[in-house]
Structure formats: C-alpha cells, structure tokens
Amino acid sequence: QVQLQESGPGLVKPSQTLSLTCTVSGGSITTNNCYWTWIRQPPGKGLEWIGNIAYSGSSYYNPSLKSRTSISWDTSKNHFTLQLSSVTPEDTAVYYCARHLGGSSLVDYWGQGTQVTVSS
C-alpha cells in the first residue's frame, strides 16, 4: 500500500517561496510509469493541478504556474518536493501530493493534504 505524507510550513509570507515535501512509503518513487503530483485547492474553489515529476525524473508544470514552480526529488529519501516562488495570498490553499500512473489522469493515491496560508 502506497502512502504519501506532505510536510512543510503552514504559513508563508507574501513574496517568499513556499516549500513542501511529500514523503512516499510503500513503494519507490522511481517505479516505472508512476507520476508524482502536486495539486491544490484554494478555499471555495476546485482542484488545481500544479505539476508532477515522472518516474524518469522529468517534470511537467501547469502553464499558469510554470514560471514560479519547481518540482524535484530525492530518490535516496524517497520524497519529492514542491517550490512555489513569489507567493501571494491567492496561493493560499490545501496542498496535496498524489500519484497517478502513466496513461491515466486518475489519481490512485493521495496524501492527506496540508493547509498553506500566505499572509504577512
């Protein structure tokens, strides 16, 4: 059973960089055909795909966030990270890490989510 757990600060100041880590257990992040994903949900809004990192190490980003987003991994620690720079209050959301398999956009494993608030 794959499990994902987000960690990181719950409060970030405007203009700073939001950094979150997703630790994966029960499977390797280099497993073939797996895509490790960040998704967020602002208050009162729907889910927004931020980007992912593939089993190959390649990263893909939402075009609307691409200029501010970086997703990387540490295979020795079996975790992947999200960095979102120059944050504003509009980046306030619950952030989820998740997994989906290649050829499908359906997520098969989710983290529990972590609230991040951008405020001075």
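Analyst: In this predicted model, a residue is called buried if its relative accessible area is under 20%, exposed if the value is over 50%, and partly exposed in between.

User: Why is asparagine 78 called buried?

Analyst: Asparagine 78 has a relative accessible area of 15%. The limit is under 20%, so the term buried applies. Asparagine 78 is placed in the loop between β7 and β8.

User: What makes phi of asparagine 78 worth listing?

Analyst: Most residues other than glycine have a negative phi. Phi of asparagine 78 is near 55 degrees, a positive value in a residue other than glycine. Serine 86 likewise has a positive phi, near 50 degrees.

User: Why is serine 86 called partly exposed?

Analyst: The relative accessible area of serine 86 is 42%. Partly exposed covers what is neither under 20% nor over 50%, and 42% therefore belongs to that class. Serine 86 is in the loop between β8 and β9.

User: Threonine 92 is in the loop between β8 and β9 too; why does threonine 92 count as buried?

Analyst: Its relative accessibility is 14%. Set against the limit of under 20%, this value makes threonine 92 buried.

User: How do you know that the side chain of threonine 92 has polar contacts, and which atoms lie opposite?

Analyst: A polar atom of this side chain lies 3.0 Å from the backbone oxygen of proline 89. The backbone nitrogen of valine 118 lies 2.9 Å from a polar atom of the threonine 92 side chain. The distance limit for a polar contact is 3.5 Å, so both values fall within it. Beyond its neighbours within four places in sequence, threonine 92 is in contact with Pro42, Pro43, Gln115, Val116, Thr117 and Val118.

User: What makes the two faces of strand β11 distinct?

Analyst: In a regular strand the side chains alternate between the two faces of the sheet. In β11 (residues 114–118), the covered face holds Thr114, Val116 and Val118, while Gln115 and Thr117 are on the uncovered face. Threonine 114 has a relative accessible area of 15%, and a value under 20% means that threonine 114 is buried. Its contacts, apart from neighbours within four places in sequence, are Glu6, Leu20, Ala93, Val94 and Tyr95.

User: How do you know that β11 is paired with β2 and β9?

Analyst: Pairing requires at least two bridges between the strands. β2 (residues 11–12) and β11 have two bridges, in the parallel sense, and valine 12 has valine 118 as its bridge partner. β9 (residues 93–101) and β11 run antiparallel and are joined by three bridges. There, valine 94 stands opposite glutamine 115. Both counts meet the requirement, and the strands are therefore paired.

User: Why are β1 and β7 said to stand at the edges?

Analyst: The open sheet concerned has four strands in the order β1-β3-β8-β7, with antiparallel pairing. β1 (3–7) and β7 (69–74) each have a single partner strand, so one side of each is left without a neighbour in the sheet. Direction ignored, neighbouring strands of this sheet are turned by 20 degrees against each other on average. β7 and β8 pair over six bridges, and in one of them serine 70 is matched with glutamine 83.

User: Why is the pair of tryptophan 36 and phenylalanine 80 called tilted?

Analyst: A pair of aromatic rings is described by the distance of the centres and the angle of the planes. The search of the whole structure gives four aromatic pairs. In the pair of tryptophan 36 and phenylalanine 80, the centres are 6.0 Å apart and the planes are at 50 degrees. The distance is within 6.5 Å, and the angle is neither under 30 nor over 60 degrees, so the pair counts as tilted. Tryptophan 36 lies in strand β4 and phenylalanine 80 in strand β8, so the pair ties together parts 44 residues apart in sequence. Ring pairs also bring Trp38 into a cluster with Trp36 and Phe80.

User: Are tryptophan 36 and phenylalanine 80 buried or exposed?

Analyst: Tryptophan 36 has a relative accessible area of 1%, and phenylalanine 80 has 0%. Both values are under 20%, so both residues are buried.

User: Which residues have the most contacts inside the largest nonpolar core?

Analyst: They are Leu4, Leu18, Trp36, Trp38, Phe80, Leu82 and Tyr95, in a core of 24 residues. β3 (18–25), β4 (34–41), β5 (48–54), β8 (79–84), β9 and β11 each supply at least two residues. β3 gives the most, with four residues.

How values were computed. Residues are numbered from 1 along each chain as its sequence is written. This is a predicted model: local features need pLDDT of at least 70, side-chain atom pairs count only at pLDDT 80 or more; totals for chains, interfaces and linings use all residues. Side-chain values use heavy atoms; hydrogens and water are left out. Buried means under 20% relative accessible area, exposed over 50%, partly exposed in between (1.4 Å probe, protein chains only). A nonpolar core is a set of buried Ala, Val, Leu, Ile, Met, Phe, Trp, Tyr and Cys residues joined through side-chain atoms within 4.5 Å. A polar contact is a pair of N or O atoms within 3.5 Å; within protein, one must be able to donate a hydrogen and the other to accept it, and residues adjacent in sequence count only if both atoms are side-chain atoms. Contact means heavy atoms within 4.5 Å. Axes are lines fitted to C-alpha atoms, for helices over the stretch in contact, and angles run from 0 to 180 degrees between N-to-C directions.
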